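Grab a coffee and open the viewer. Here are a few short exercises on rings, charges and burial, each with a worked solution.

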Amino acid sequence: MPKSLNARVARAMRQAYEGRKEGALVSAIDDVKRLVFFERGELVGARSTLDTERLPYVLLERSLVSTEQIDQAKGFIRSGRKLGQILVGLGHLQNDELERIERHRVVDIACGILTASSSRMAFSEKVDIDRLVLTPVSIGDVFMEAVHRLHDVGGFRERTLLQDYVPSQTADAWAIVSGMKLSDQQAKVLDLVDARNSLGVIFEASPLPEADTIRIVMAFHQAGVLALKEVESIPESPPEPAAEPNAEAVPVAPDPFETELIALYNDMQCQNHWQILGLSRGAAHAEIEAAYKALKAKLEPEAGAPTGDSSFQEKLSFVCARAKDAFVTLSSQSAADVYEKLEDHDPQYQDSKQDWGRFDVSPETLDDTAVETEDITPADVTPPDVENVEVKDPQEATRLFAEARQAFQDKDYWRTIELCRRAIELDDDNDAERYHLLGRSLAENPKWRKDAELNLKIAKDLEPWEPRYLISLGELYEKEGMMQRAERTYQQVRTIDPDFAIPKLSGGDARGRRKAG
């Protein structure tokens, strides 16, 4: 058992809380990788590659579900739903049980990082937050649990008593403590902290054994509930500055261009390349060029104007990128032919989306992926008739995926999409490469890029430490003009593998700059 907490991790967690940060604390030691997610400084989720810290193991260990029930939940595959939510929807687990287990996992994974003797660690604000719990987990509870896992805390006692420290409660003390589950005796220890009692006095007056009191003081200290100061260096508390009165909000007249931009942004979500440029199919190159120049002239002066409105800039960047995408594609006859074949299949694609699964779920290996806000109820999950259950065929799935790879090389993206879907349906193996290739193929039609994003995220969540999937996701964001989102995605690659070749942002013109293989 460890003898002390990892000081670097403890400091990073405390700074994340105090700074109200959003992102993930990433830790790697040997082959084990862990992430703890913060949302506005609160612990809301965690992920681990260690089998004993994953949801299926925890559920089975506590006999809350059976192996058969988990296997049944794995059968509902096709999106970013979490395994726990599927089990709730199937009636195998209660919502309160799921919340309790997920909170246990967050604490357990966070403690695993805190008590690791050494690790490679970084805090990234670029990682997508994966929220697992409805109510944030108290950082105080995490530190409290972590110190109880320590083997020997005598060293802390000797160091603090040697200097005769006097603890005082911090400004954030009650905000942290309010989320903790303290016993009456633990609360009495906190009551003894009043900036006057030394640690020696607190240890003597505590209703708990000394070893337990030491652990509680350590937890409070590491969590930021109390600060330790030497007797002779305790400063007087400075007066708090008076709050300035709020200035009255000045109404702002609506911007005509912003109104027009929002209309363009909304229209382009479902427009093809010809519609974006205001052309009909078969338009000559001169018409395509003239239409693009006219649209570009309307957008360019605004694109260079500074503004603090990030939402406006994102919409403007999207519109500019989509217009350029339409011009570049239609200006090349070969690219236009490939795109036209895809667009011809749009009605078929929209119809097939309704048949390809009643709702989105994730398999066992996706228990840490994004989940939509609405609940799954048992009524949403209608088990198929036994006679209509399709027999899985992993060998056929492998063969079809090999054909899909070749179709992608041949730029037959519609056939790639069909083959990838079929391969996924025929195999429960949840091969991330199949979702990756499906996402890349869907990205070739701008109208399908939301689905492309979903499938690329599935690939990423199936293999969180594979940077190629994040690169593809970042390139998709570039195509959509979402440069900040693309940069955040590339930053995740830097966090996972600092040596991996990362594309430079190119203003929407995404290029493949990957390592071989």
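**Exercise 1: charges over rings**

In this predicted model, the charged end of R20 sits over the ring of Y17, 5.2 Å from the ring centre. Now find the ring that lies under the charged end of K315.

Solution. Start at K315 and look for a ring beneath its charged end: that ring belongs to Y265. The distance to the ring centre is 5.3 Å.

**Exercise 2: the aromatic partner of Y265**

Work out how the rings of Y265 and F318 are arranged, and which parts of the chain they join.

Solution. First, some context: the structure holds 8 aromatic pairs. For Y265 and F318, the ring centres are 5.0 Å apart and the planes meet at 70°. Planes over 60 degrees apart count as edge-to-face, so that is the label for this pair. Next, place the residues: Y265 is in helix α12 (residues 256–268), while F318 is in helix α15 (residues 310–331). The pair therefore ties together parts that are 53 residues apart in sequence. Last, check burial: Y265 and F318 are both buried.

**Exercise 3: two tryptophans**

Classify the W414 and W448 pair, then say whether each residue is buried or exposed.

Solution. Begin with the geometry: the centres are 5.9 Å apart, with 55° between the planes, and the pair is tilted. Then locate the partners. W414 belongs to helix α19 (residues 413–425), and W448 sits in the loop between α20 (432–442) and α21 (449–462). These distant parts of the chain are 34 residues apart. For burial, the cut-off is under 20% relative accessible area. W414 comes in at 7%, so it counts as buried. W448 has 0%, so it is buried too. Finally, look for another ring: ring pairs link Y349, W414 and W448 into a cluster.

**Exercise 4: cysteines**

How many disulfides are there, and are C111 and C420 buried or exposed?

Solution. Recall that a disulfide is a covalent bond between the sulfur atoms of two cysteines. The count here is 0 disulfides. Now the two cysteines: C111 has 0% relative accessibility, so it counts as buried. C420 also has a relative accessible area of 0% and is buried.

**Exercise 5: the whole chain**

Put these details into the frame of the chain: which elements does it have, and what share of its residues is buried?

Solution. Count the elements: 23 helices and 6 strands. Then take burial: 46% of the 517 residues count as buried. As for surface, the accessible area is about 26100 Å², with 48% belonging to carbon and sulfur atoms.

Note on methods
Residues numbered from 1 in each chain as written. Predicted model: local features only at pLDDT ≥ 70, side-chain atom pairs only at ≥ 80, totals over all residues. Heavy atoms only, no water. Helix = DSSP H or I, 4+ residues; strand = E, 2+ residues; numbered from the N terminus. Buried < 20%, exposed > 50% of the residue type's maximum accessible area, 1.4 Å probe, protein only. Areas by Shrake-Rupley, 256 points an atom, 1.4 Å probe, with all protein chains shown as cover. Disulfide = S-S within 2.5 Å. Phe/Tyr/Trp six-rings, centres within 6.5 Å; stacked < 30°, edge-to-face > 60°. Lys NZ or Arg CZ within 6 Å of the ring centre and 35° of its normal.
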